[in-house]
Amino acid sequence: MIQADVDAYYSACVARHGATPRGVDWSCEATQGLRFVQLMKLCDVSAPFSLNDIGCGYGALVPFLESRFASCEIDYLGIDLSRAMISRARRRFAAPLRRFVVASESPRIADYSVASGIMNVNVGYSRDAWEGHIKAMLQRMFATSRRGFAVNFMRAAADEEQDGDPAKARLYRTTPDVWATHCEQEFAAAVEVIGNYGMKEFTLLVRRLTHAAPSQAGLSH
């Protein structure tokens, strides 16, 4: 049910604003790019790698990668719940090593996975239900990433009261320790928190501590 409501929310955004940052509920291209900079700190760009972009929207990360990492071969797969988003992404950016699928999770295991903004807009659920949804997304990202994953969250002040009323909690805000601790304990991973990039948010870089690849069971290509 949550996934269906997320799909409806973002499909409506892109229908209203088109393939623009507003179409994925970001304010502008500059801040969108700044978030991409933090997420991509996860990746070793000195050698080719594969990348899953979870909640890829209309594919805005693709031109960023082509501009910043032109000399690095990146096997990119964009995944989104919204057919409207994926349709726009394919029209604009589909190419060899640039693919897009409609799905709730990646159908393949990649070296890295990133997700920008998909944890932030609670589409009308209790805080507990939304955090359960986040935990499930993080688990799927870890399971489909050989080396690690990166996500961002909107930051709440440490002493900010968390209101459980869905009507008042459209934007999910949290503190770094909540999800850093979760990832360290749940995945036995090394977690780096990046928080000083000029916005009221933070990015988590979650790296596997071993080189054991996740299982391919249940995944299709």
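# Close-up views of a predicted model

**View 1. Strand β1 sends side chains two ways, and both sets are buried.** Phe49, Leu51 and Asp53 point one way from β1, while Ser50, Asn52 and Ile54 point the other way. The chain then passes from β1 through helix α3 (residues 61-68) to β2, in a β-α-β crossover that is right-handed. The model shown here and in the other views is predicted. Buried residues account for 6 of the 6 in β1 (residues 49-54), so this strand is largely enclosed by the rest of the structure.

**View 2. Strand β1 is paired with β2 and with β4.** Strand β2 covers residues 74-80 and runs parallel to β1, with 6 bridges joining the two. Within this pair, Ser50 stands opposite Asp75 of β2. Strand β4 (residues 110-115) is also parallel to β1, and here the number of bridges is 4. Asp53 of β1 has Val114 of β4 opposite it.

**View 3. Strand β2 is joined to β3 by 5 bridges.** These two strands run parallel, and Leu77 stands opposite Arg99 in β3. Between them in the unit comes α4: β2, α4 and β3 form a right-handed β-α-β unit. Of the 7 residues of β2, 6 are buried, so the strand is largely enclosed by the rest of the structure.

**View 4. Pro96 sits in the loop between α4 and β3.** The loop follows α4 (83-93) and leads to β3 (98-102). Is Pro96 buried or exposed? Its relative accessible area is 75%, and because the cut-off for exposed is over 50%, Pro96 counts as exposed. The C-alpha atom of Pro96 is separated by 8.5 Å from that of Asp75, a residue 21 residues apart from Pro96 along the chain. Asp75 is the β2 residue that stands opposite Ser50.

**View 5. Helix α6 has buried residues on one side and exposed ones on the other.** Buried in α6 are Pro176, Trp179, Ala180, His182, Cys183 and Phe187. They cover an arc of only 160° around the axis, which puts them on the same side of α6. An α-helix has 3.6 residues a turn, so residues three or four places apart point the same way. Asp177 and Gln185, on the other side of α6, are exposed. The buried residues are covered by elements including α5 (127-143), β5 (145-155), β6 (173-174), β7 (190-194) and β8.

**View 6. The length of helix α6 agrees with the span expected for its residues.** The helix has 12 residues (residues 176-187), which at 1.5 Å a residue should span 16 Å. The C-alpha atoms at its ends are 16 Å apart, in agreement with that value. After α6 comes Ala188, with a positive phi near 50°.

**View 7. Glu201 in strand β8 makes polar contacts with Arg35 and Tyr197.** Strand β8 covers residues 201-207 and includes Glu201. Which side chains make polar contacts with the side chain of Glu201? One is the side chain of Arg35, at 2.9 Å; another is that of Tyr197, at 3.1 Å. Leaving aside residues up to four places away in sequence, Glu201 touches Arg35, Asn152, Phe153, Met154, Arg155 and Gly195. The relative accessible area of Glu201 is 4%, and because buried means under 20%, Glu201 is buried.

How values were computed: Residues are numbered from 1 along each chain as its sequence is written. This is a predicted model: local features need pLDDT of at least 70, side-chain atom pairs count only at pLDDT 80 or more; totals for chains, interfaces and linings use all residues. Side-chain values use heavy atoms; hydrogens and water are left out. Buried means under 20% relative accessible area, exposed over 50%, partly exposed in between (1.4 Å probe, protein chains only). A polar contact is a pair of N or O atoms within 3.5 Å; within protein, one must be able to donate a hydrogen and the other to accept it, and residues adjacent in sequence count only if both atoms are side-chain atoms. Contact means heavy atoms within 4.5 Å. The expected span of a helix is 1.5 Å times one less than its number of residues. The arc is that of the directions from the helix axis to the C-beta atoms. Two strands pair if DSSP finds at least two bridges between them. A crossover is right-handed if, with the strands pointing away from the viewer, the path from the first strand over the helix to the second runs clockwise.
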